[in-house]
Amino acid sequence: MASTSRGILVLRENNCTSDKFRCKNGRCIPKHWKCDQEKDCSDGSDEDPDVCHPLGCKPNEIMCANGDRCIPKKWQCDTEIDCPDGSDEAACGEVHVCSADEFTCKNSTTDCIPLSWMCDLNQDCFDGSDEAGCSKQT
Ligand SMILES: [Ca+2]
Ligand SMILES: [Ca+2]
Ligand SMILES: [Ca+2]
């Protein structure tokens with residue numbers, strides 16, 4: 001007999017329709033419940049790492065943004081696109097480029113400020129580099 005630890009009797013459904021996911025214990029749940037970070041199967045099989053790619057990356061791997069695959073962490077930001085969507089190269093602080101009308105703060109390559117904020121006597125960069133190279137005018 002099929003039963004769950006929560007004490008709810010679950011009848012084994014032999015025919016999960018195509019829009020359903022079958023838990024390992026035989027229960028059918030709506031497909032969109034699968035991998036939604038909530039255990040809907042009493043045995044948690046709808047959130048099983050083997051079933052859900054987002055949770056299935058090994059500790060030394062990263063997940064591509066589209067959830068398509070795991071790639072080794074060292075492939076991230078190696079300037080070669082390994083994810084089909086290029087997400088492994090998208091979030092690389094080192095190669096972050098400020099646009100042409102922006103100033104890149106010296107100590108933080110991810111900090112961009114409008115060029116007009118340079119030398120306005122207000123420190124906008126965390127390290128103050130936007131005010132550092134200004135000829136002093138009084
Ligand atoms: Ca779920
Ligand atoms: Ca890469
Ligand atoms: Ca400034």
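1. Let's start with Ser45. In this predicted model, Ser45 has 19 C-beta neighbours inside 10 Å, so it counts as partly exposed. A residue needs 20 or more other C-beta atoms within 10 Å to be called buried, so Ser45, with its 19, stays in the partly exposed class.

2. Where does Ser45 sit? Look in the loop between β2 (28-30) and β3 (61-63). Which residues does Ser45 touch, once you set aside its neighbours within four places in sequence? Those contacts are Cys23, Lys24 and Val51. While you're there, find Phe21 too: Phe21 and Ser45 are 24 residues apart in sequence, and their C-alpha atoms are 9.9 Å apart in space.

3. Next, move along to Arg69, in the loop between β3 and β4 (70-72). Arg69 has 15 C-beta neighbours inside 10 Å, which means that it counts as partly exposed. Try picking out Cys57 as well: Cys57 and Arg69 are 12 residues apart along the chain, with 8.3 Å between their C-alpha atoms.

4. Now for two residues in the loop between β4 and α1 (87-90), beginning with Cys77. Cys77 isn't a glycine, yet it has a positive phi of about 60 degrees. Is Cys77 buried or partly exposed? Partly exposed, because 15 other C-beta atoms lie within 10 Å of it.

5. The other one is Thr79, also placed in the loop between β4 and α1. Thr79 has a positive phi too, about 65 degrees, and it isn't a glycine either. Thr79 is exposed, because it has 8 other C-beta atoms within 10 Å, and 12 or fewer is the cut-off for that label.

6. Time to zoom out to the whole chain. It has two helices and six strands. If you read along the sequence, the pattern goes β-β-β-β-α-β-β-α.

7. How much of the chain counts as buried? Of its 138 residues, 8% do. Contacts give you another view: take those between residues at least 6 apart in sequence, and 6% of them join residues at least 24 apart.

8. Last, a word on confidence. The chain has a mean pLDDT of 80, and 79% of its residues reach 70 or more. Residues 1-9 are a stretch to read with that in mind, since the pLDDT there is below 50. Beyond near neighbours in sequence, residues 1-9 still have 11 contacts in the model.

Technical notes: Residues are numbered from 1 along each chain as its sequence is written. Chains are lettered from A and ligands numbered from 1 in the order in which they are written. This is a predicted model: local features need pLDDT of at least 70, side-chain atom pairs count only at pLDDT 80 or more; totals for chains, interfaces and linings use all residues. Helices (H or I, at least four residues) and strands (E, at least two) are DSSP runs, numbered from the N terminus. Two residues are in contact if their C-beta atoms, placed from the backbone, lie within 7 Å. pLDDT is the predictor's confidence in each residue, from 0 to 100.
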